[in-house]
Amino acid sequence: MLKVSGGIAAVLGMAVAVPLMLVPVAQALSSPSPLDAYLDDLHTLRATFLQTLTDANGREIDRATGTLIVSRPGKFSWAIRPEVASSGAQARAAGQLMVSDGRNLWFLDRDLEQVTVKPVDAALSATPAMLLSGTVDVRKNFTVTPAGQRAGLDWVLVEPRGADADFRRALFGFAGRELKQMILEDKLGQTATIVFERVERNGPVAAQELSFTPPPGADVIGTPGK
């Protein structure tokens with residue numbers, strides 16, 4: 001049987017020492033999960049979210065708001081800003097933005113005025129946004145295991161197969177066919193809890209919303225694919 005790590009177990013309200021009982025891996029890989037059902041007819045997605053970050057001891061260290069835009073296959077925008085800088089000039093100068101335009105993966109750190117870019121097929125890291133957008137093959141790049149019910153949601157445990165992913169493991173929480181929460185644990189033991197709000201599924205997404213041009217004066221690291 002599988003176990004959920006302490007950080008994610010704590011978020012789900014379980015004692016760290018008590019493993020979350022899951023179905024056997026073979027069954028998990030062969031049976032459709034709520035995540036598979038969610039992705040089956042997903043074409044576009046637009047959502048705002050609130051993200052809280054806790055350290056390995058469960059202490060809140062950051063709170064931010066963000067926007068996720070997805071156009072499958074292979075395009076997404078994930079923008080996040082500190083909650084204290086949610087409006088005005090301070091907001092425009094803070095936070096991070098990740099964009100996959102179908103050819104390249106761009107990452108803008110507004111605080112550092114720095115852009116990192118690499119072709120999508122050369123991007124070693126795997127992120128939940130990549131999973132939702134179809135940038136990467138779900139079953140090829142992740143193990144997907146039903147994780148039972150908690151707090152009125154059906155949970156799915158997702159673990160990257162490769163060591164270069166940006167997170168160790170993630171929990172996706174569904175209410176019926178709606179994605180309500182994601183809980184991500186990174187390699188430092190920090191846990192990000194993302195609560196989705198104002199979700200629009202399969203609505204219109206303009207092409208310019210999923211394109212990226214480095215802002216004037218920003219340092220650009222890497223070479224985009226043509």
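This talk covers the largest pocket, the salt bridges and two single residues of the structure above.

The model is predicted, so local features need pLDDT of at least 70 and side-chain atom pairs count only at pLDDT 80 or more, while totals for chains, interfaces and linings use all residues. Residues are numbered from 1 along each chain as its sequence is written, and side-chain values use heavy atoms, with hydrogens and water left out.

I start with the pocket. The largest one has a volume of about 710 Å³. A pocket here is an open set of points on a 1 Å grid over the protein atoms alone, where a 1.4 Å probe fits, with protein on both sides within 12 Å along at least five of seven lines; lining residues have an atom within 4 Å of a point. Grid points are joined across faces, edges and corners, and the volume is the space filled by probe spheres set on the points.

There are 26 lining residues, and those closest to the centre of the pocket are Q51, W78, I80, D166 and L184. Which elements supply at least two residues of the lining each? They are β1 (44-54), β2 (60-71), β3 (75-82), β4 (96-101), α5 (128-133), β10 (178-185) and β11 (191-201). Strand β3 gives the most, with four residues. Helices (H or I, at least four residues) and strands (E, at least two) are DSSP runs, numbered from the N terminus.

By class, the lining has 14 nonpolar, six polar and six charged residues. Nonpolar covers Ala, Val, Leu, Ile, Met, Phe, Trp, Tyr, Cys and Pro; charged covers Asp, Glu, Lys and Arg; the others, Gly among them, are polar.

Next, the salt bridges. The rule asks for a side-chain nitrogen of Lys or Arg within 4 Å of a carboxyl oxygen of Asp or Glu, and the count comes to twelve.

One of them joins D36 and R139, with the closest N and O atoms 2.4 Å apart. This pair links distant parts of the chain: D36 sits in helix α3 (residues 34-40) and R139 in helix α6 (residues 138-141), 103 residues apart. D36 is buried, at 16% relative accessible area, and R139 is partly exposed, at 25%. Buried means under 20% relative accessible area, exposed over 50%, and partly exposed in between, with a 1.4 Å probe and protein chains only.

R46 takes part in a salt bridge with E200 (3.9 Å, N to O). That pair connects strand β1 to strand β11, across 154 residues. R46 also meets E209 in a salt bridge (2.7 Å, N to O). Here the partner E209 lies in the loop between β11 and β12 (219-221), 163 residues from R46. R46 is partly exposed, with a relative accessible area of 22%; E200 is partly exposed at 35%, and E209 is partly exposed at 27%.

There is also a network of salt bridges, linking E159, R168, R169 and E185.

E159 leads to the next residue, T145. The C-alpha atoms of T145 and E159 are separated by 8.6 Å, and the two are 14 residues apart along the chain. T145 belongs to strand β7 (residues 142-150). Is T145 buried or exposed? It is buried, with a relative accessible area of 2%.

Last, D62, in strand β2. D62 is partly exposed, at 35% relative accessible area. Leaving aside neighbours within four places in sequence, D62 is in contact (heavy atoms within 4.5 Å) with Q51, T52 and L53. Q51 was named earlier, among the residues closest to the pocket centre. The C-alpha atoms of D62 and P82 are separated by 7.8 Å, with their positions 20 residues apart along the chain.
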